[in-house]
Amino acid sequence: MSCVLKAALSFMKNKIITNDNDKIGIVLYGCNQTQNSLNLKNVFVLQKLDVPDATSIKTFQSLVDDFSKNFGPVPQKGTSPLFEALWTCHQEFKSVEKQSYTKRIFLFTDDDYPGTEAEQA
């Protein structure tokens with residue numbers, strides 16, 4: 001997970017230089033904390049969809065450094081369906097003022113079949 005978060009941090013830094021109007025949001029799912037507008041369990045909006053700046057990068061850097069301690073994984077008995085994370089991303093997209101832009105979600109997971117939790121239960 002550390003490599004993914006460091007890559008996201010690098011991506012944010014790169015976006016400031018290459019395209020300062022791009023908005024970036026980071027949503028975690030399957031973590032032991034909950035913070036999102038829909039109050040979906042184990043879904044945490046780490047970075048609201050916004051243009052990255054120095055303050056947001058510093059905040060994100062500190063969260064990356066203490067990720068395991070603050071966000072660790074959900075115990076096996078807990079589940080976080082992928083659709084809840086995607087629905088949270090949808091809500092983030094809706095919260096941005098109406099403008100023409102390309103929406104993308106990058107999903108990083110170590111689960112070979114991330115969308116099948118409900119089917120296997």
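This report describes the fold, the nonpolar core, helix 4 and several individual residues of one protein chain.

**Model and confidence**

The coordinates are those of a predicted model, and the confidence of that prediction varies along the chain. The protein averages a pLDDT of 80, with 84% of the residues scoring at least 70. Among the elements, confidence is highest in helix 4, at a mean of 89, and lowest in helix 5, residues 117-120, where the mean is 50. Where pLDDT is low, the predicted coordinates should not be read in detail.

**Overall architecture**

The secondary structure consists of 5 helices and 2 strands, and these follow one another along the sequence in the pattern α-β-β-α-α-α-α. The protein has 121 residues, of which 31% count as buried, and its accessible surface comes to about 8300 Å², with 52% of that area belonging to carbon and sulfur atoms. When contacts between residues at least 6 apart in sequence are considered, 64% of them join residues at least 24 apart.

**The largest nonpolar core**

The largest nonpolar core holds 14 residues, and the members that touch the most others are Met12, Ile26, Leu28, Phe44, Leu46, Phe60 and Phe71. Two or more residues are given to this core by each of helix 1 (2-18), strand 1, strand 2, helix 2 (54-65) and helix 3 (67-71). Methionine 12, one of the core members named above, is in contact with Ile24, Ile26, Gln47, Pro52, Ser56, Ile57 and Phe60 once residues up to four places away in sequence are set aside.

One of those partners, serine 56, lies in helix 2. With the same kind of sequence neighbours excluded, serine 56 touches Met12 and Gln47, and its relative accessible area of 11% falls under the 20% cut-off, so serine 56 counts as buried.

**Helix 4**

Helix 4 spans residues 82-95, which makes 14 residues, and the distance from its first C-alpha to its last is 20 Å, close to the 20 Å expected at 1.5 Å a residue. Its buried residues are Leu82, Glu84, Ala85, Thr88, Cys89, Gln91, Glu92 and Phe93. An α-helix has 3.6 residues a turn, so residues three or four places apart point the same way. The buried set of helix 4 includes polar side chains such as Glu84, Thr88, Gln91 and Glu92. Cysteine 89 also belongs to this set, and its relative accessible area is 14%. Another cysteine, cysteine 31, is likewise buried, at 3% relative accessibility. The count of disulfides in the model comes to 0.

**The loop between helix 4 and helix 5**

Two residues of this loop can be described individually. Tyrosine 101 is found in the loop between helix 4 and helix 5, where, apart from neighbours within four places in sequence, tyrosine 101 is in contact with Phe93 and Val96. Although tyrosine 101 and lysine 23 are 78 residues apart in sequence, their C-alpha atoms are 9.7 Å apart in space.

Proline 114 sits in the loop between helix 4 and helix 5, and its contacts, leaving aside neighbours within four places in sequence, are Tyr29, Leu82, Leu107 and Thr109. Proline 114 and serine 80 are separated by 34 residues in sequence and by 9.8 Å from C-alpha to C-alpha. At 17% relative accessibility, proline 114 is under the 20% limit and therefore counts as buried, whereas tyrosine 101, at 28%, lies between 20% and 50% and therefore counts as partly exposed.

**Two asparagines with positive phi**

Asparagine 39 is placed in the loop between strand 1 (24-29) and strand 2 (43-50), and asparagine 42 is also in the loop between strand 1 and strand 2. Neither residue is a glycine, yet asparagine 39 has a positive phi of about 55° and asparagine 42 has a positive phi of about 65°. Their accessibilities are set out below.

| Residue | Phi | Relative accessible area | Class |
|---|---|---|---|
| Asparagine 39 | about 55° | 61% | exposed |
| Asparagine 42 | about 65° | 7% | buried |

Asparagine 39 is exposed because its relative accessible area of 61% is over 50%, whereas asparagine 42 is buried because its 7% is under 20%.

Definitions and conventions:
Residues are numbered from 1 along each chain as its sequence is written. Side-chain values use heavy atoms; hydrogens and water are left out. Helices (H or I, at least four residues) and strands (E, at least two) are DSSP runs, numbered from the N terminus. The expected span of a helix is 1.5 Å times one less than its number of residues. Buried means under 20% relative accessible area, exposed over 50%, partly exposed in between (1.4 Å probe, protein chains only). pLDDT is the predictor's confidence in each residue, from 0 to 100. Contact means heavy atoms within 4.5 Å. Accessible areas come from the Shrake-Rupley method with a 1.4 Å probe; for residues, only the protein chains shown count as cover. A disulfide is a pair of cysteine sulfur atoms within 2.5 Å. A nonpolar core is a set of buried Ala, Val, Leu, Ile, Met, Phe, Trp, Tyr and Cys residues joined through side-chain atoms within 4.5 Å.
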